[in-house]
Amino acid sequence: CKCVDFQVLKLQEAPDAVPNGELPRHLQLYCDRYLTERVVPGNRVTIIGIYSIKKGPTKATMGSKDKVSAGIRRPYLRVVGIDVETEGPGRASQMSLTPMEEEHLRQIAARPNIHEVIAKSIAPSIYGGL
């Protein structure tokens, strides 16, 4: 028995490509080994994969007394390659800090009450959090 990293992703059509009044379509992706944990929600990606059909649950397999063999088949993509887009608005880019900004962040991090400062900065109106 050998354990392998495995991840199920949901690929959704880009919002700017969806016609007005329609919902974006989606497709399940199955990744394993080195392809896992390469993307986070919101990333724009180009996927290379093998399009397959997965047999869904039937009434017979769900414990029903009616023996119906017609099942729902769901398409999925077995991923063999992922390319994450890093350019453009809203994408993760390699942001670099200037030495002055880095020093400023180190000074803030060295403060003894940094937890309280961050909590009050993020959600000052939440009562009882601190």
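User: How much area does the protein chain expose, and what share do carbon and sulfur atoms supply?
Analyst: About 11100 Å² is exposed, and carbon and sulfur atoms supply 55% of that area. Accessible areas come from the Shrake-Rupley method with a 1.4 Å probe, and for residues only the protein chains shown count as cover. This is a predicted model, where local features need pLDDT of at least 70 and side-chain atom pairs count only at pLDDT 80 or more, while totals for chains, interfaces and linings use all residues. Residues are numbered from 1 along each chain as its sequence is written, and side-chain values use heavy atoms, with hydrogens and water left out.

User: What percentage of the residues count as buried?
Analyst: 16% of the 130 residues in the protein chain. Buried means under 20% relative accessible area, exposed means over 50%, and partly exposed is in between (1.4 Å probe, protein chains only).

User: Which elements does the chain have, from the N terminus on?
Analyst: The order is β-β-β-β-α-α. That gives two helices and four strands. Both kinds are DSSP runs, numbered from the N terminus: helices are H or I with at least four residues, strands are E with at least two.

User: In what order do the strands form the sheet?
Analyst: β1-β2-β4-β3, in an open sheet with mixed pairing. Two strands pair if DSSP finds at least two bridges between them. The edge strands, β1 (6-12) and β3 (45-55), each pair on one side only.

User: How much twist from one strand to the next?
Analyst: It averages 35°. Axes are lines fitted to C-alpha atoms, for helices over the stretch in contact, and angles run from 0 to 180 degrees between N-to-C directions.

User: β1 and β2: parallel or antiparallel?
Analyst: Antiparallel, over seven bridges, with β2 spanning residues 26-32. L11 has L27 of β2 as its bridge partner.

User: And how do β2 and β4 run?
Analyst: Parallel, joined by three bridges. Q28 stands opposite Y76 of β4. On to β3 and β4: they pair in the antiparallel sense over eleven bridges. There, K55 has R73 of β4 as its bridge partner.

User: Stay on Q28. What is Q28 in contact with, leaving aside neighbours within four places in sequence?
Analyst: V8, L9, K54, P75, Y76 and L77. Contact means heavy atoms within 4.5 Å. Q28 belongs to strand β2 and is partly exposed, with a relative accessible area of 33%.

User: How far are the C-alpha atoms of Q28 and R78 separated?
Analyst: By 8.8 Å, although the two are 50 residues apart along the chain. Across the protein chain, take contacts between residues at least 6 apart in sequence: 57% of them join residues at least 24 apart.

User: New topic. How many salt bridges?
Analyst: Five. The rule asks for a side-chain nitrogen of Lys or Arg within 4 Å of a carboxyl oxygen of Asp or Glu. Side chains of opposite charge can pair when their charged atoms come close.

User: Which residue does R78 meet in a salt bridge?
Analyst: D32, at 2.8 Å from N to O. R78 lies in strand β4 (residues 73-84) and D32 in strand β2, so the pair ties together parts that are 46 residues apart in sequence.

User: D32: buried or exposed?
Analyst: Buried, with a relative accessible area of 12%. R78 is partly exposed at 35%.

User: Where does the pair E13 and R25 lie?
Analyst: Both are in the loop between β1 and β2, so the pair ties together parts that are twelve residues apart in sequence. The N to O distance of this salt bridge is 2.9 Å. R25 counts as exposed, at 62% relative accessibility.

User: What separates R106 and E102 in helix α1?
Analyst: About one helical turn, because they are four residues apart in α1 (residues 99-109). Their closest N and O atoms are 2.8 Å apart, which makes a salt bridge. R106 counts as exposed at 52%, while E102 is partly exposed at 34%.

User: Which residues do shared partners join into one network?
Analyst: D32, R33 and R78, through salt bridges.

User: Last one. Which residues form the nonpolar patch on the surface?
Analyst: I48, I50 and V80, with about 280 Å² of accessible area together. Patches are made of residues with over 30% relative accessible area and no salt bridge; like charges are joined within 9 Å, nonpolar side chains (Val, Leu, Ile, Met, Phe, Trp, Tyr) within 5 Å. I50 is in strand β3 and is partly exposed, at 48%.
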